[in-house]
Amino acid sequence: MNLQNITITLSETKKEKPQSDQLEFGKVFTDHMFIMDFSTGLGWHDPRIVPYQPITMDPASMIFHYGQSVFEGLKAYQTDDGRVLLFRPEKNFRRLNQSNDRLCIPELDEEFVLEALKKLIEVEREWIPSAEGTSLYIRPFIISTEPFLGVHPSSSYKFMIILSPVGSYYKEGIHPVKIAVESKYVRAVNGGTGTAKTGGNYAASLKAQEVSEKIGYSQVLWLDGVEKKYIEEVGSMNVFFKINGEVITPALNGSILEGVTRTSIIELLKHWNVPVTERKISMDDVRQAYLDGTLEEAFGTGTAAVISPIGEFFWNDEKLVINDGKTGELSKKLFDTLTGIQTGKLADPLGWVVEVSKENTFSVAR
Ligand SMILES: *Cc1c(COP(=O)(O)O)cnc(C)c1O
């Protein structure tokens with residue numbers, strides 16, 4: 001499949017774009033979307049950019065019953081000199097195919113869908129906000145569409161990409177969050193779907209999130225599903241600790257999602273010669289470091305917030321306050337550096353950003 005096959009149908013009308021200081025996360029969507037269909041026999045076919053609109057689905061579609069679906073999340077940034085940058089997008093499409101494999105969804109051509117995304121972004125270029133901290137959030141996803149109530153992999157799917165202009169995650173600057181350690185519910189187990197980006201993991205996480213919010217904590221820290229001892233993730237982010245000068249993140253263990261931000265932070269710390277280790281780390285280890293006075297910083301990492309400093313853990317009726325509840329020096333430096341690279345304000349020493357080309361070489365069907 002090559003790019004010339006993508007048909008483009010432009011919208012007759014354009015929506016009003018929100019003010020950049022009023023952007024929220026994932027509430028407003030742009031004028032167009034990308035769709036491609038899969039059916040057994042035809043494979044992935046009919047790639048197209050069309051006006052953003054509802055889709056009609058058979059109520060028996062398998063997605064509604066058994067949740068066979070996957071998604072991704074990444075961002076496009078507008079630079080001060082008007083260029084459009086993506087941050088390591090090939091990693092998102094690589095991971096999408098890994099999620100596909102786990103969910104028995106047919107593989108996509110990663111290069112083709114990245115080119116399709118760039119094309120969609122070119123069409124929606126005016127939607128990319130440029131104010132400090134804003135970006136265009138990109139949500140690629142796949143749903144199973146076969147109308148059948150039997151439990152087996154669907155014979156048909158839709159791959160879609162929708163776009164949403166989003167505001168700064170930190171309206172009053174980067175600030176720490178309070179986290180409740182979850183000892184009852186688990187997010188994922190080894191052998192389950194924790195390493196895949198699939199909606200079911202999020203559905204399974206809602207209950208713990210709701211309970212923690214009721215007691216005044218914004219996210220939960222997930223422990224391993226077997227011993228409930230070892231740290232896995234925080235909310236829907238990966239998690240890092242700085243203990244006695246060493247940066248530690250839980251090693252990938254078959255239930256942790258491998259974040260692009262996580263990988264980038266490990267690579268950046270190595271580039272800076274800061275000691276960084278991927279290993280098993282228990283909540284007891286963290287509490288001991290807290291008691292010893294060596295727990296210097298903790299932070300979550302993910303595309304939405306980039307770095308989310310942690311000011312307090314609540315565990316077994318005990319409050320572990322980190323760095324006086326203030327953002328740590330390393331957390332701030334990582335946030336400034338990553339966002340600086342993503343928005344083209346800082347040099348990109350590890351070759352991470354991908355520029356969306358400006359040429360328009362495609363025919364437009366109306
Ligand atoms: C998406 C996600 C992350 C973060 O991944 P990034 O690629 O860094 O955005 C971490 N944990 C979970 C469970 C996720 O779904």
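Me: What makes the approach of Thr261 to the ligand a polar contact?
Reply: In this predicted model, an N or O atom in the side chain of Thr261 is 2.6 Å from an oxygen atom of the ligand. A polar contact asks for a pair of N or O atoms within 3.5 Å, and the Thr261 pair, at 2.6 Å, therefore counts as one.

Me: How do you know that Tyr202 and Arg95 make polar contacts with the ligand?
Reply: A polar atom in the side chain of Tyr202 lies 2.5 Å from an oxygen atom of the ligand, and for Arg95 the distance from a side-chain N or O atom to a ligand oxygen is 2.9 Å. Both values fall within 3.5 Å, so both pairs qualify as polar contacts.

Me: Which residues are the closest of those that surround the ligand?
Reply: The ligand is surrounded by 14 residues, and the closest are Lys197, Tyr202, Glu233, Thr261 and Thr303.

Me: Why is the pairing of Arg88 with Glu267 called a salt bridge?
Reply: The side chains of these two residues meet at 3.0 Å, taken from N to O. The term requires a side-chain nitrogen of Lys or Arg within 4 Å of a carboxyl oxygen of Asp or Glu, so the pair Arg88 and Glu267 meets the criterion. Between domain 1 and domain 2 the count is one salt bridge, while the count of residue pairs in polar contact between these domains is 10.

Me: Which elements supply the side of domain 1 that touches domain 2?
Reply: Strand S4 (69–71), strand S5 (74–78) and helix H2 (89–102) each give at least two residues to that side. The largest share, five residues, comes from H2. By class, the side of domain 1 that touches domain 2 comprises nine nonpolar, five polar and six charged residues.

Me: How do you know how much area is buried between domain 1 and domain 2?
Reply: The size of an interface is often given as the accessible area lost when the parts come together. Between domain 1 and domain 2 this buried area is about 1600 Å², with carbon and sulfur atoms giving 56% of it. Of the area that domain 1 buries against domain 2, Phe71, Arg95 and Arg102 supply 34%, more than any other three residues.

Me: Where do the two domains lie along the chain, and how far apart are their C-alpha centres?
Reply: Domain 1 takes in 3–171 + 353–365, and domain 2 takes in 177–326. Their C-alpha centres lie 29 Å apart, and the contact takes 20 residues from domain 1 and 21 residues from domain 2.

Terms used:
Residues are numbered from 1 along each chain as its sequence is written. This is a predicted model: local features need pLDDT of at least 70, side-chain atom pairs count only at pLDDT 80 or more; totals for chains, interfaces and linings use all residues. Side-chain values use heavy atoms; hydrogens and water are left out. Domain bounds come from an automatic or database domain assignment. Contact means heavy atoms within 4.5 Å. Buried area is the accessible area (1.4 Å probe) that two parts lose on being put together, summed over both. A polar contact is a pair of N or O atoms within 3.5 Å; within protein, one must be able to donate a hydrogen and the other to accept it, and residues adjacent in sequence count only if both atoms are side-chain atoms. Helices (H or I, at least four residues) and strands (E, at least two) are DSSP runs, numbered from the N terminus. Ala, Val, Leu, Ile, Met, Phe, Trp, Tyr, Cys and Pro count as nonpolar, Asp, Glu, Lys and Arg as charged, and the others, Gly among them, as polar. A residue is near a molecule or strand if one of its heavy atoms lies within 4 Å of it.
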